[in-house]
Amino acid sequence: SWVIKGTLSTGQYLKDSNVFSTLYIPRGSPAPNWTYLPKDHPCTSVSFEASAANTDGVNTCCITDSSDGFLVNYRPTAAFATWADETLGSSCTAGQIINRPGFDEDPAANVAFPSAPLGFLSGQFEGMTVSPGIVTADITDPFYGQIDFEINLDEVELRSSAGQLTGTVSVEHTVDTFLGLANFKVTGEEILDTFATQVDLYLEKTSFFTVSTHGENQYTFLKYVNLRLVTVLEQDNNFSGDSEAADAFVRTNTTGNVNYVQVTFTMGSQYTVNTNPNNDALASRLIPLDSVRVGRGTFIGTTVMEQTCSYYESGTDTSMVGLALGPVTKGDLDAKLEQGCAPGTSLCVSPSSVPDNFVSFNIPLGSEIFDDQASNMLVNNIFVELVVNALDPTGSANPNGGGVPLQMKTTLSASIPIVAGGVSIFCDGITAKTDLKDVADADIVVGTAKDATELLRLRIIENVASTSL
């Protein structure tokens, strides 16, 4: 998730009894006209000037217009969207006048003022049910409309619903979005006195993040964390048609493949692996297998996580279900990985030493885990959680006595989306067989000729592409 803190100001007094405001973010595709430019906000004076004689640009229609209104282009808070739908309606209604609380001179008002307008500045954004949304929004200067805010946005939901993605996911990418503050002042007439301000947000994420310790062990613990999706097929050397999938070409069948996610990272140089993991109070492998969990889904909070390494280690007589996608035994998996064309890796092996500080750990997945899951919207992801447990040789086993801690432990959580071309494939083969007659129409002329008359006397073998030559 992204945690974003900042300050916004509308320039208008926020605590007037006739003012209501909402924070908002872009709706993203497929919104018809969403934009980063505050001047293009549909409820500003620019809209009014462009609309000439009519008032649609600055009355309630600028909020509810179904073709280009505020709600179809932006994501205000869910509270604001609910109030607008229930009070103003789902489309433009001419002649709406919002009542000003405490003003007796508004006899023409036909729409009730929001009962809790400050509630529009907190909670989830409309349509984004996973992200916590606005955690805090403190009005620090009501006269100038200044708000100090903190918003929390889920990474996947932000990419798919409210941002523009550039770069390569799981390597280094940026999500461009913005946060806006819209202010609506009721005038007692059909026209609203409106103002909007926006701040661009460029959120950059790289797989080369670090996990640092604190206190006495002030070192970098983990860095250069990366995930990779891998498929190993059953090698096919003869292409006889017995185990291939053919459609205008012949290639290796994907039935019976082995899938896994490879987790790599680098530990700080001062950390080591526990060399006696079964006989002391700190008993543990570098990566305890019962801590390894993996799942497939859109959001980690709603994804079923499974201990596939525990399934794998249970032995050759027990099926390794792997995300409930087809039983396969440990022996089956190992046989595929021992093929000459395979990358030569092992599954669920916690390293006993890390002389170069580099750790690679492979977690088995179900045989159909990637089938029909690739999405350019990045909504199908593999989530990984595991514990890294290392020792600091300079530490003490009794940190409570004032010494440097001996054991360092963290839970590593990471994800990688399933995208087209995003899976490394081993033992794949493809061959194309095309007959000449399918692509050519040719004649063979034996001899030479200086004109058409001589050509007729030469031997000509016609349409050779359709013969057995």
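**Local environments of Gln339, Asn18 and Ile460**

Apart from residues up to four places away in sequence, Gln339 touches Val232, Leu233, Glu234, Gln235 and Cys427 in this structure, which is a predicted model. Gln339 itself is placed in the loop that runs between helix 7 (330-337) and strand 17 (358-365). Although it belongs to a loop, Gln339 is classed as buried, because its relative accessible area of 16% falls under the 20% limit used for that class. A polar contact is also present at this position, where the side chain of Gln339 reaches the backbone oxygen of Lys336 at 2.9 Å.

A second buried loop residue is Asn18, for which the relative accessibility is 8% and which is found between strand 1 (2-9) and strand 2 (19-26). When residues up to four places away in sequence are not counted, the contacts of Asn18 comprise Arg100, Pro101 and Phe113, together with Phe184, Lys185 and Val186. Asn18 and Gly188 are 170 residues apart along the chain, yet a separation of 9.2 Å is computed between their C-alpha atoms.

At the surface, Val445, Leu455 and Ile460 make a nonpolar patch of about 210 Å². Of these patch members, Ile460 lies in strand 23, which spans residues 459-461. The relative accessible area of Ile460 is 36%, a value between the limits of 20% and 50%, and the residue is therefore described as partly exposed, in contrast to the buried Gln339 and the buried Asn18.

Definitions and conventions. Residues are numbered from 1 along each chain as its sequence is written. This is a predicted model: local features need pLDDT of at least 70, side-chain atom pairs count only at pLDDT 80 or more; totals for chains, interfaces and linings use all residues. Side-chain values use heavy atoms; hydrogens and water are left out. Helices (H or I, at least four residues) and strands (E, at least two) are DSSP runs, numbered from the N terminus. Buried means under 20% relative accessible area, exposed over 50%, partly exposed in between (1.4 Å probe, protein chains only). Contact means heavy atoms within 4.5 Å. Patches are made of residues with over 30% relative accessible area and no salt bridge: like charges are joined within 9 Å, nonpolar side chains (Val, Leu, Ile, Met, Phe, Trp, Tyr) within 5 Å. Accessible areas come from the Shrake-Rupley method with a 1.4 Å probe; for residues, only the protein chains shown count as cover. A salt bridge is a side-chain nitrogen of Lys or Arg within 4 Å of a carboxyl oxygen of Asp or Glu. A polar contact is a pair of N or O atoms within 3.5 Å; within protein, one must be able to donate a hydrogen and the other to accept it, and residues adjacent in sequence count only if both atoms are side-chain atoms.
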